[in-house]
Amino acid sequence: MTSRRLLTSLETEPIDELAFDGPLSLDSPELERLFIAIAQNAAERRATGQEGHPWHSIKLIRQARLGALRLPKEQGGSGLSLRELFQVLIRLAEADPDVAHILRAHYLLTDEFLSAPASALRNERLQRVAAGQLFGNAYTELSSKPVGHYEFETRLSVDGAGFRLNGSKYFSTGTLYADWVYVTAALEDGTPVGVVIPTDRIGIRILDDWDGIGQKYTGSGTTLFDNVRVEAEEVIRRDTANQFNALAQLFLYGVIAGILRSVVTDAVALLHSRSRTFSHAAASQPSQDPQLLQVVGELSSSAFAAEAIVLAAADTLDQAFISRVDGEVNPQLGHESSLRAAQAKVSLDALALHATSLLFEVGGSSATRQSAHLDRHWRNVRTLASHNPSLYKARAIGDYEVNGRELPRNAYF
């Protein structure tokens, strides 16, 4: 589906209720209608002048069991490859980048569960994914420790046969909307562990205090844990020191690729909405002005390039994930996937920020009205691109090319 088709659907097909029969396939009509409904909800929230949280869209995603795209069909999922998942992600981000971003931790954790050793608890978690339940994250802490080190101030202390969890997390994207949350913490001896617990457990407080300039309704604020009971089987003990995290990094650029599709849609709509132009313009109608048409052509080409780069990097992720043995990927394939994800970031940050600024050349000063909401694209891209500075990624890539030094093995590669 092209951006133009999504625009036409928004104008002609109001959708109030959706019915889903089983997991969605990549080319199912239900998936198409889900994208349209989510885009409509985003447009309606913008029209109020205050936007607001995408609760309705998240409800539809649960109903559609969109979170089960990666589960094998025999486990109640859609059986999509990572490349196919990114095709869905890009179109979801075109409809609403907040909603796409909200699901980041969910898809990361789903693959963690799929690669975990067989157990009754693993099966239970996968069954919850198949049923449409969503998982959020509580990874990051605002502390003096260097970003990327697996040293956590959040503590998991022994309490009888179980534990007690205490601490504070930030950038908890998606957790506001989730049924479950994955929390990183440290045992009393400093050993890093993970905890998967329901978000409604006593002692958990999820604050809606994210105040970023973009991705405003992702719920990326603070999550507090005050003496939260954790059972022994809810603790995941694993070595994170040598793990590449390319899926988490590339996910952000799937969202950016979707935003650039939306930029093309808005540029076309903006040109068609203009009834006048400058006396010194190259044509009397903006839609016939060769200079403005060139801008739209550049925007369209940028969107195509972004999508192609992301999907090419997703192919390397597929190869790495297929290589997994006991949950561990082949080191060479893991490094290759991290390298491609880093290259995608370095390439797309500049391209996307330029495109979201170039959009305003199509509309002039009237396009800067707050009611037009066109600044949201730049703000969203700037926020996503700021997760991990490009200069550090570019340096690491250069060090690998020149000196053969592998990329760092941490959560940011």
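**Note on salt bridges and nonpolar cores**

1. At 28% relative accessibility, Glu231 is classed as partly exposed. This value, like the others below, comes from a predicted model. The partner of Glu231 in a salt bridge is Arg229, with N and O 3.2 Å apart. Arg229 is likewise partly exposed, since its relative accessible area is 23%, and the class covers values from 20% to 50%.

2. The pair does not stand alone: a network of salt bridges links Arg229 and Glu231 with Asp159 and Arg164. The count of salt bridges in the model comes to 20.

3. A salt bridge also joins Asp349 to Lys345, where the closest N and O atoms are 2.9 Å apart. Both residues belong to helix α10 (residues 331-358) and are separated by 4 residues, about one turn of the helix. Are these two residues buried or exposed? Asp349 is buried, because its relative accessibility is 7% and buried means under 20%. Lys345, at 3%, is buried as well.

4. Asp111 and Arg70 form a salt bridge through their side chains, at 2.8 Å from N to O. This pair connects distant parts of the chain, 41 residues apart: Asp111 lies in helix α6 (residues 104-115), and Arg70 in the loop between α3 (55-64) and α4 (82-95). Both Asp111 and Arg70 are buried.

5. The largest nonpolar core holds 80 residues; Leu34, Leu66, Phe86, Leu250 and Leu299 touch the most other members. Helix α8 (residues 246-273) contributes the most to this core, namely 18 residues. Beyond its neighbours within four places in sequence, Phe86 contacts residues including Leu247, Leu250, Phe251 and Val310. Another core, of 16 residues, lies apart and has Phe163 and Ile197 among them.

Terms used:
Residues are numbered from 1 along each chain as its sequence is written. This is a predicted model: local features need pLDDT of at least 70, side-chain atom pairs count only at pLDDT 80 or more; totals for chains, interfaces and linings use all residues. Side-chain values use heavy atoms; hydrogens and water are left out. A nonpolar core is a set of buried Ala, Val, Leu, Ile, Met, Phe, Trp, Tyr and Cys residues joined through side-chain atoms within 4.5 Å. Buried means under 20% relative accessible area, exposed over 50%, partly exposed in between (1.4 Å probe, protein chains only). Helices (H or I, at least four residues) and strands (E, at least two) are DSSP runs, numbered from the N terminus. Contact means heavy atoms within 4.5 Å. A salt bridge is a side-chain nitrogen of Lys or Arg within 4 Å of a carboxyl oxygen of Asp or Glu.
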